[in-house]
Amino acid sequence: MIWNETKECMSRDEMTALQTARLKKIVDYVYHNVEFYRKKMQKVGILPGDIKTLEDIKNLPFTTKDDLRDNYPFGLFAVPQSSIVRVHASSGTTGKATVVGYTRHDLDIWAECVARCMTMANISKNDIIQVAYGYGLFTGGLGAHSGAEKIGAMVVPMSTGNSKKLTTMMLDFGVTAIACTPSYLLHISELLEQEGKIGDLKLKTAICGAEPWTDKMRTEIEQRLHITAHDIYGLSEVMGPGVACDCQFHNGLHVCEDHFYPEIIDAKTLLPAGDGELGELVFTTLTKEGLPLIRYRTKDLTSIDKSPCECGRTSARISKFRGRSDDMLIIRGVNVFPSQVEAALIEVKEVTPHYMIIVDRVNNLDTLEIQVEIDEKYYTDEIKGLEALKNKIGHVINQALGLNAKIRIVEPMTLKRSEGKAVHVIDNRKLF
Ligand code: DLL
């Protein structure tokens, strides 16, 4: 079984040697197969042969979400379309999504990484696992699914959107593991508590991610459901879930370092941060064929620890995430940029550029309200509170974000004007 020959159990020196060899190979690969990288490297005067050690990586240019968007949809792919067997997509900073293509080999590596994470979370072929991340363009559902199949667990591909069915099947099938966002699992635990069914559960493990959560929230989930909960991290551009996961000691998330080389940089100076220092996480994919990425800026803030873990794994660990260096929000597991809301509102002629996004958490589910100011000339008696206009705005927002929002139309000149950088978001969620 591939995932048991864990490269994560190599010594640090062996890992460095493997990463160095793979780094040289991937840099050569992107130089010859992706025009974007060839041009970027030529611009700074670097040739693949100049990369001799891991330290040399700092001479390579960064890649950002905007680079993916600017090359939408397939401009950064390193293989012809005929070699791509699947695409996923996630939110771009404005209207366009970032599209990720996978070769058959990429999907195999992805399944292996998720399988490793599940093994770390003590999930095995004896488990019945409900995958309650969304299936579709979002990487959560299919990503977790393939990893769970790889370890031979019995997968229930639940997806999202029907909590009643989920709890019924959880009880009827004797589900022992669940993969979903932590806030959704808390919501599920409340439903089960209300039904007085907690004692009937066979659930023992959860593997949660796709949004920030704290150790306190993990403890809350574990106590309510009498289970062990693990933190799984990933991002679609780099792969999807399975880039890193925490073991039973919950002392940081073990990175699948043989496939994704992590760096921590100072988000302002872009210079490397020291081990243990908080900074922005940057990944270079070491083995990806479809969409290889060099120094991809995740915007996620964390620190790195390369000391051995109590569990025996030697792979580098990243600490639980402390936020982001950009303004991306994660609402019900969906990535949302305020600029997407703005771009969508521009389509509605009655609306001014003044808006406010209000995010909250009610019964452990995220709520989204968008307050929009109407142009004075449209704010006539007929328009006040007009349902049709609200529906129109709700529709464009849903099309842009893939989320339903409560729309509140406010009178002209009501939303606070800012003298400096406009504030468009009030996030009332408290991650306890
Ligand atoms: O959220 C992939 C995923 C699916 C991960 C299921 C884990 C489980 P994206 O939609 O591209 O991909 O969003 C990636 O979500 O940059 C982080 O900001 C955030 N994120 C993902 N996992 C965690 C986590 C998926 N465990 C963005 N803790 C990332 C905190 C997380 N934030």
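**Exercise 1. The ligand and its polar partners**

Task: In this predicted model, find which polar side-chain atom lies 2.7 Å from a nitrogen atom of the ligand, and then describe the surroundings of the ligand.

Solution, step by step:

- Start at the nitrogen. The polar side-chain atom 2.7 Å from a nitrogen atom of the ligand belongs to Asp-231.
- Move on to the oxygen atoms. Ser-236 places a polar side-chain atom 2.7 Å from an oxygen atom of the ligand, and an N or O atom in the side chain of Asn-335 is 3.0 Å from a ligand oxygen atom.
- Next, look at how much of the ligand is covered. On its own the ligand would expose 610 Å², and the protein buries 97% of that area.
- Then collect the shell. It holds 22 residues, and the closest are Asp-231, Ile-232, Ser-236, Asp-300 and Asn-335.
- Sort the shell by residue class: eleven of its members are nonpolar, seven are polar and four are charged.
- Finally, assign the shell to elements. Helix H5 (139–150) and strand S7 (228–235) are the elements that each give two or more residues, and S7 supplies the largest share, with five.

**Exercise 2. A ligand neighbour in a salt bridge**

Task: Asp-231 also meets a side chain of the protein in a salt bridge; work out which residue is its partner and where the two sit in the chain.

Solution, step by step:

- Find the partner. Lys-320 forms the salt bridge with Asp-231, at 2.7 Å from N to O.
- Place both ends. Lys-320 is in the loop between strand S14 (317–318) and strand S15 (329–331), while Asp-231 belongs to strand S7; they are 89 residues apart, so the pair links distant parts of the chain.
- Check the accessibility. Lys-320 and Asp-231 are both buried.

**Exercise 3. Two salt bridges to contrast**

Task: The model has 30 salt bridges. Take Arg-12 with Glu-257 and Glu-35 with Lys-39, and describe how each pair is placed along the chain.

Solution, step by step:

- Recall the principle: side chains of opposite charge can pair when their charged atoms come close.
- Take the pair Arg-12 and Glu-257. Their side chains meet at 2.8 Å, N to O.
- Locate that pair. Arg-12 is in helix H1 (residues 12–33) and Glu-257 is in the loop between strand S9 (253–255) and strand S10 (260–265), with the two positions 245 residues apart in numbering, a link between distant parts of the chain.
- Compare its two ends. Arg-12 is partly exposed at 24% relative accessible area, whereas Glu-257 is buried at 1%.
- Turn to Glu-35 and Lys-39. Their closest N and O atoms are 3.0 Å apart.
- Place this second pair. Glu-35 and Lys-39 are four residues apart in helix H2 (residues 35–43), which means that about one helical turn separates them. Glu-35 is partly exposed, with a relative accessible area of 46%.

**Exercise 4. Around Arg-429**

Task: Say which residues are linked with Arg-429 in a network of salt bridges, and whether Arg-429 is buried or exposed.

Solution, step by step:

- List the network: Glu-211, Arg-361, Asp-366, Asp-427 and Arg-429 are linked in it.
- Locate Arg-429, which is in the segment after strand S20 (425–427).
- Apply the cut-off of under 20% for buried residues. Arg-429 has 15% relative accessibility and therefore counts as buried.
- Add its polar contacts. The Arg-429 side chain makes one with the side chain of Asp-366 at 3.1 Å, and reaches the backbone oxygen of Ile-330 at 2.6 Å.

**Exercise 5. Cysteines without a disulfide**

Task: Decide how many disulfides there are, using Cys-113 and Cys-208 as worked cases.

Solution, step by step:

- Set the cut-off: the two cysteine sulfur atoms must be within 2.5 Å.
- State the count, which comes to zero.
- Test Cys-113. Its nearest cysteine sulfur, that of Cys-256, is 3.9 Å away, and Cys-113 is in no disulfide. Cys-113 is buried, at 0% relative accessibility.
- Test Cys-208. The nearest cysteine sulfur belongs to Cys-180 and is 4.7 Å away, and Cys-208 is in no disulfide either. Cys-208 is also buried, with a relative accessible area of 0%.

Note on methods
Residues are numbered from 1 along each chain as its sequence is written. This is a predicted model: local features need pLDDT of at least 70, side-chain atom pairs count only at pLDDT 80 or more; totals for chains, interfaces and linings use all residues. Side-chain values use heavy atoms; hydrogens and water are left out. A residue is near a molecule or strand if one of its heavy atoms lies within 4 Å of it. A polar contact is a pair of N or O atoms within 3.5 Å; within protein, one must be able to donate a hydrogen and the other to accept it, and residues adjacent in sequence count only if both atoms are side-chain atoms. Accessible areas come from the Shrake-Rupley method with a 1.4 Å probe; for residues, only the protein chains shown count as cover. Ala, Val, Leu, Ile, Met, Phe, Trp, Tyr, Cys and Pro count as nonpolar, Asp, Glu, Lys and Arg as charged, and the others, Gly among them, as polar. A salt bridge is a side-chain nitrogen of Lys or Arg within 4 Å of a carboxyl oxygen of Asp or Glu. Buried means under 20% relative accessible area, exposed over 50%, partly exposed in between (1.4 Å probe, protein chains only).
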